[in-house]
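I opened my notebook for a quick look round this structure. Here is what I looked up, entry by entry.

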Amino acid sequence: WILMATGRSPTNIAVIKYWGKRDEALILPVNDSISVTLDPDHLSATTTVAVSPSFPSDRMWLNGKEISLSGGRFQSCLREIRKRACDFEDEKKEIRIKKEDWENLHVHIASYNNFPTAAGLASSAAGFACLVFTLGKLMNVKEDYGQLSSIARQGSGSACRSIYGGFVKWCMGKKDDGSDSMAVQLADEAHWNDLVIIIAVVSSKQKETSSTSGMQNSVETSPLLQYRAQTVVPSRVMKMEEAIKNRDFASFAKLTCADSNQFHATSNSVEYFYWQVAYTFDAGPNAVLISPNRKTATLLLKKLLYCFPPQDKDLSSYLVGDKSIL
Ligand code: DP6
């Protein structure tokens, strides 16, 4: 027999960034972060996991290519989910798996991203959130979303926020074992429906420095990092929660841009900007623009298309996702 489960998780864009770990192995951050989870139709990972007594080992394929599962992060996620697996019986009562049997059953995992992998668009966030969620479904794990987010965190920090839709906060937690470092939903996807996120993909090449090593380097060398984590981010997080609660775009945009700027260790002086749109950059070169409504988003897109006209006039290859916006 073979048993399968499929799940889909969108990526998320941090508006208050996670940058720096206090524990590399458990992936514990030095500050709280807040993100917006995208619509699953647009940028998401789709993962199918299968289990069968005939599989001799765990294997995984990413976008059709087999990848190694030897990395500690995959192993942590698999181990944590296996630990919490429960008795399973299918509807026809043909397949019965006891809690303790999951340890000896191997999985095959196939995952697809519908957007460039590792170009700084948080593909690891969607990927690990989806992996943990789908494995949990397959193995009949009964944990709540908070616990699942804490497991996804051990795959990639930002993945813990993709377990929820809408606006999500990753609470850094205080405990050394990381059990209180998990995501909570601040508001669901319907809360601020007018917001439109435009991602200007200027390069879909794999980024040269991974977030993992980039932030490691910052922790070791940046004099700004601890100041940012301890002094700046805590009050920014509070203000951002308030801005989201009140759908206050001016404050939201100001905080988002200021945090992107500080994360990139450039200037913090964005006070004189007229807040019609917010921008934020992750670790790759691609710009993420957040507009307060569809009308402004349409104007912005038209301007972008005017400034950077597509070579072949074929908008379908240039504009993915919601085309009705034009
Ligand atoms: C700039 O979650 O990819 O996107 O935990 O080492 O896997 P690891 O890093 P990752 O870092 C994301 C960094 C960021 C900001 C953010 O998403 O908060």
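Before sorting the ligand shell, I fixed the classes: Ala, Val, Leu, Ile, Met, Phe, Trp, Tyr, Cys and Pro count as nonpolar, Asp, Glu, Lys and Arg as charged, and the others, Gly among them, as polar. This is a predicted model, where local features need pLDDT of at least 70, side-chain atom pairs count only at pLDDT 80 or more, and totals for chains, interfaces and linings use all residues. Residues are numbered from 1 along each chain as its sequence is written.

**Ligand.** I found 5 nonpolar, 7 polar and 2 charged residues in the shell around the ligand. A residue is near if its C-beta atom, placed from the backbone, lies within 6 Å. A14, S156, G157, S158 and S211 come nearest of the 14 residues there.

**Sheet.** Next I traced an open sheet of 3 strands, ordered β14-β16-β15 with antiparallel pairing. Strands are DSSP runs (E, at least two residues), numbered from the N terminus, and two of them pair if DSSP finds at least two bridges between them. β14 (196-200) and β15 (278-281) are the edges; each has a single partner strand, so one side of each lacks a neighbour in the sheet. I counted 5 bridges joining β14 to β16 (residues 287-291), and V196 has S291 as its bridge partner in β16.

**D180.** Last, I looked up D180, in the loop between β12 (167-171) and β13 (182-187). D180 counts as partly exposed because it has 13 C-beta neighbours inside 10 Å; 20 or more would make a residue buried, and 12 or fewer exposed. The C-alpha atoms of D180 and L28 are separated by 9.9 Å, with the two positions 152 residues apart along the chain.

Conventions:
Helix = DSSP H or I, 4+ residues; strand = E, 2+ residues; numbered from the N terminus.
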